[in-house]
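Please open the model in your viewer and keep the sequence panel beside it. The tour moves from the whole chain to single strands, with a selection to make at each stop.

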Amino acid sequence: MATARVMSAATNTTGSCSLLKRPFFSLTKKGPNFNNNLRFNTTTKGVSKRSFSCKSIYNPTVQIKEEGQPETLDYRVYFLDNSGKKVSPWHDLPLHLGDGIFNYVVEIPKESSAKMEIATDEQFTPIKQDTKKGKLRYYPYNINWNYGLLPQTWEDPSFANAEVEGAFGDNDPVDVVEIGERRGKIGEILKVKPLAALAMIDEGELDWKIVAISLDDPRASLVNDVDDVEKHFPGTITAIRDWFRDYKIPDGKPANKFGLGNEAANKDYALKVITEANESWAKLVKRSIPAGELSLV
């Protein structure tokens with residue numbers, strides 16, 4: 001029988017779980033204002049499937065429901081709308097919230113090692129634990145920050161980035177390393193502001209890492225660009241780069257590389273990366289670009 005742990009939804013009211021059906025907002029065109037206070041409800045009954053919901057003025061409910069047992073091959077975290085219908089955290093959550101703020105979905109909570117990720121090839125793109133040769137994947141050591149994705153973004157594998165050694169996109173949503181002090185939860189949706197970008201090259205593929213902070217972090221108001229990160233979170237950029245450079249070495253693989261002179265780009269560059277990835281996603285869902293095995297539902 002499928003079981004699931006209780007997923008606490010406790011978070012500050014500055015969090016966001018707004019939901020739309022396939023919206024597209026570029027960074028040069030503002031969509032509706034989603035910056036609404038919201039409240040969280042937590043299900044506490046002893047049932048096999050747990051869910052939590054977050055409510056906002058714009059859209060009443062987004063529920064997060066676990067199916068299966070964590071750290072098993074069949075474990076999935078699904079996103080449901082207020083009617084109970086499954087929706088995609090990649091395609092259906094809005095990206096841009098206005099004023100340089102974005103929705104961000106936590107896949108891997110800080111201080112954990114299970115390699116959780118959006119299942120881009122499954123219907124409704126739930127979060128699952130990645131596998132290799134039929135076995136669950138783990139990082140060789142804990143990741144020290146919350147790690148997840150920006151919805152409605154896609155790194156186009158047919159596009160060679162001339163600014164990053166001509167590397168092609170990795171065919172995934174853009175990754176976010178969230179540096180706040182609070183440990184997130186799998187499937188939690190937060191509002192973040194980007195601060196920097198690292199151009200990781202993984203086996204020849206470009207795999208952007210956007211460094212961001214949740215708006216509910218006590219130090220969020222102090223950091224607005226890459227230099228602020230070094231001032232208020234000293235050593236963090238270097239630690240992130242080194243972690244992602246070296247995590248494959250214990251498995252006998254070479255270290256990952258970084259473009260842009262091995263340095264972190266500033267906030268403006270990070271916003272450019274997000275804009276381009278959002279535009280690529282729009283082409284993907286409009287089927288202007290072949291989707292291959294990717295799920296567009």
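How much area does the protein chain expose, and what share of it do carbon and sulfur atoms supply? With the whole chain selected, the exposed area is about 12,900 Å², of which carbon and sulfur atoms supply 48% (Shrake-Rupley method, 1.4 Å probe; for residues, only the protein chains shown count as cover). This is a predicted model, in which local features need pLDDT of at least 70 and side-chain atom pairs count only at pLDDT 80 or more, while totals for chains, interfaces and linings use all residues. Residues are numbered from 1 along each chain as its sequence is written, and side-chain values use heavy atoms, with hydrogens and water left out.

Colour next by secondary structure: the protein chain has three helices and 20 strands (DSSP runs numbered from the N terminus, helices being H or I of at least four residues and strands E of at least two). Of its 297 residues, 56% count as buried (under 20% relative accessible area, with exposed over 50% and partly exposed in between, for a 1.4 Å probe and protein chains only).

Now select residues 189-202, strand β18, where 14 of the 14 residues are buried, so the strand is largely enclosed by the rest of the structure. Strands pair here if DSSP finds at least two bridges between them, and β18 pairs with β19 (residues 205-214) in the antiparallel sense over ten bridges. Show V192 opposite S214 and I201 opposite L206, then move to the turn of this hairpin, where two residues lie between the strands and E203 has a positive phi of about 50 degrees. Adding residues 257-258 brings in β20, joined to β18 by two bridges and running antiparallel to it, with I201 opposite K257.

Stay with β19, nine of whose ten residues are buried. Strand β17 (residues 175-178) pairs with β19 in the parallel sense over four bridges, and E178 has A212 as its bridge partner. Strand β16 (residues 167-169) is also parallel to β19, over two bridges, with G169 partnered by L206.

Finally, select β7, which runs antiparallel to β18 and is joined to it by four bridges, and find N103 opposite K191. E107 also lies in β7 (residues 101-108). Leaving aside neighbours within four places in sequence, E107 is in contact (heavy atoms within 4.5 Å) with residues including M116, Y147 and I186.
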